[in-house]
Amino acid sequence: MESNTGKGKVVCVTGASGFIASWVVKLLLLRGYAVKATVRDPNDSVKVDHLLKLDGAKERLQLIKANLMEEGSFDVAVEECEGVFHTASPVALNVKDPQAELIDPAVKGTLNVLKSCAKSPSVKRVILTSSTAAVEYNGKPKTPEVVVDETWFSNPDICREYKIWYTLSKTLAEDAAWKFAKEHKIDLVALNPAVVIGPLLQPSLNESSAAISNLINGAQTFRNLSLGWIHVKDVANAHIQAFEISSASGRYCLVETVAHYSDIVKILHELYPTLPLPQKCENDKPFMPVYQVSKEKARTLGIEFIPLEVSLRDTVESLKEKNLINF
């Protein structure tokens with residue numbers, strides 16, 4: 001990955017201690033960029049030590065305190081930056097107050113970052129970390145012959161009806177971002193990854209890795225759910241390519257494959273025959289069908305798509321190394 005494409009360039013990554021963002025920071029530093037990384041508390045060693053240990057961090061990484069809910073709090077962070085990677089957004093599946101815990105930080109946070117970008121003449125492009133959550137939920141049936149692509153947009157009413165609050169937060173945030181970018185002539189590119197797995201740089205478990213660790217740490221059943229999956233390295237690489245390739249525009253779905261949880265269990269069993277994996281589904285309904293997600297546009301970013309099997313093995317090895325699973 002090492003190259004000098006970023007030499008002499010300054011970029012900002014928001015929510016830098018998170019799973020995807022940490023990888024974006026790592027790859028940016030490897031490419032020679034100077035990185036201004038926003039975190040809630042630069043002095044919280046548990047949250048930031050893994051960033052400070054990255055190659056090139058001593059010379060070219062600066063941690064900056066910023067809060068999604070505070071307007072103007074990203075002004076200093078995006079100053080002098082050519083590119084801004086807005087990755088900070090809460091990921092939580094069980095929330096008591098979706099508005100306060102998910103929707104406000106996602107939507108207002110995105111707008112606060114974009115407002116800071118609009119004030120900064122140095123910013124040439126903003127890369128938004130969105131999600132397939134903002135793509136797939138529009139009421140159209142998803143069956144094996146269906147191909148989801150970048151022209152699909154989730155419908156907020158459907159998200160509300162099914163109470164899928166994380167999905168709603170990503171849908172509303174991306175929507176708000178496009179409107180604001182258009183009004184303020186900001187060059188915005190959105191990346192829409194599915195469930196992101198692979199090795200963790202941060203010490204704690206994030207939601208998408210938990211999807212795998214739960215299966216290994218004693219789940220009695222697996223979910224009746226088909227989801228898209230993608231390796232974190234492909235996602236981080238796509239972020240940087242979306243900034244570096246001047247013709248990149250619009251949205252990019254990032255999905256290596258769509259697989260049902262039963263397929264995930266099967267692959268894990270083949271990789272690790274001794275793992276105590278769940279053998280039955282959470283309900284007796286027919287398995288939710290798989291569908292396809294177009295890779296065509298993502299390939300224009302030069303993404304190779306690491307196979308699911310490798311992504312799963314990398315995830316398990318990383319969870320093992322960090323003592324987040326024991327077997």
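Before I come to any one residue, a word on terms: when I speak of a helix, I mean a DSSP run of H or I with at least four residues, and the helices are numbered from the N terminus. Please also keep in mind throughout that what we are looking at is a predicted model.

With that in place, let me start in the loop that lies between helix α7, residues 156-161, and helix α8, residues 165-183, because Lys163 is found there. Lys163 is not a glycine, and yet its phi is positive, at about 55°. In general, most residues other than glycine have a negative phi. As for its surroundings, Lys163 is exposed, since its relative accessible area of 57% is over the 50% cut-off.

There is a second residue to set beside this one, namely Phe305, which sits in the loop between α12, residues 296-299, and α13, residues 308-321. Phe305 likewise is a residue other than glycine with a positive phi, here near 65°. Is Phe305 buried or exposed? With a relative accessible area of 8%, Phe305 is buried, whereas Lys163, as I said, is exposed.

Let me return to α8 and bring in a helix that packs against it, α5, where the two axes are 9 Å apart and meet at an angle of about 20°. That angle makes α5 roughly parallel to α8, and the crossing of the two helices is right-handed.

Helix α5 itself covers residues 98-119, and at 1.5 Å a residue its 22 residues should span 32 Å, which agrees with the 30 Å that separates its end C-alpha atoms. Along the way α5 bends by about 40° at Asp104, and a proline, Pro105, follows within four residues.

I would like to finish with strand β7, residues 188-193, which is mostly covered, with six of its six residues buried. Which residues of β7 point which way? Leu188, Ala190 and Asn192 point to one side, while Val189, Leu191 and Pro193 point to the other, and all of them are buried.

Strand β7 also has partners that we can name. One of them is β5, residues 125-129, which pairs with β7 in the parallel sense over four bridges, and within that pairing Thr129 has Leu191 of β7 as its bridge partner. Another is β11, residues 250-254, which runs parallel to β7 and is joined to it by five bridges; here Ala190 stands opposite Arg251 of β11. So that you can find these on the screen, Leu191 and Ala190 are on opposite sides of β7 in the direction they point, and both are buried.

Methods: Residues are numbered from 1 along each chain as its sequence is written. This is a predicted model: local features need pLDDT of at least 70, side-chain atom pairs count only at pLDDT 80 or more; totals for chains, interfaces and linings use all residues. Side-chain values use heavy atoms; hydrogens and water are left out. Buried means under 20% relative accessible area, exposed over 50%, partly exposed in between (1.4 Å probe, protein chains only). Two strands pair if DSSP finds at least two bridges between them. The expected span of a helix is 1.5 Å times one less than its number of residues. The bend at a residue is the angle between axes fitted to the seven residues ending there and the seven starting there. Axes are lines fitted to C-alpha atoms, for helices over the stretch in contact, and angles run from 0 to 180 degrees between N-to-C directions. Angles under 35 degrees count as roughly parallel, over 145 as roughly antiparallel, 65 to 115 as roughly perpendicular and the rest as oblique. A crossing is left-handed if the near helix is turned anticlockwise from the far one by less than a right angle, and right-handed if clockwise.
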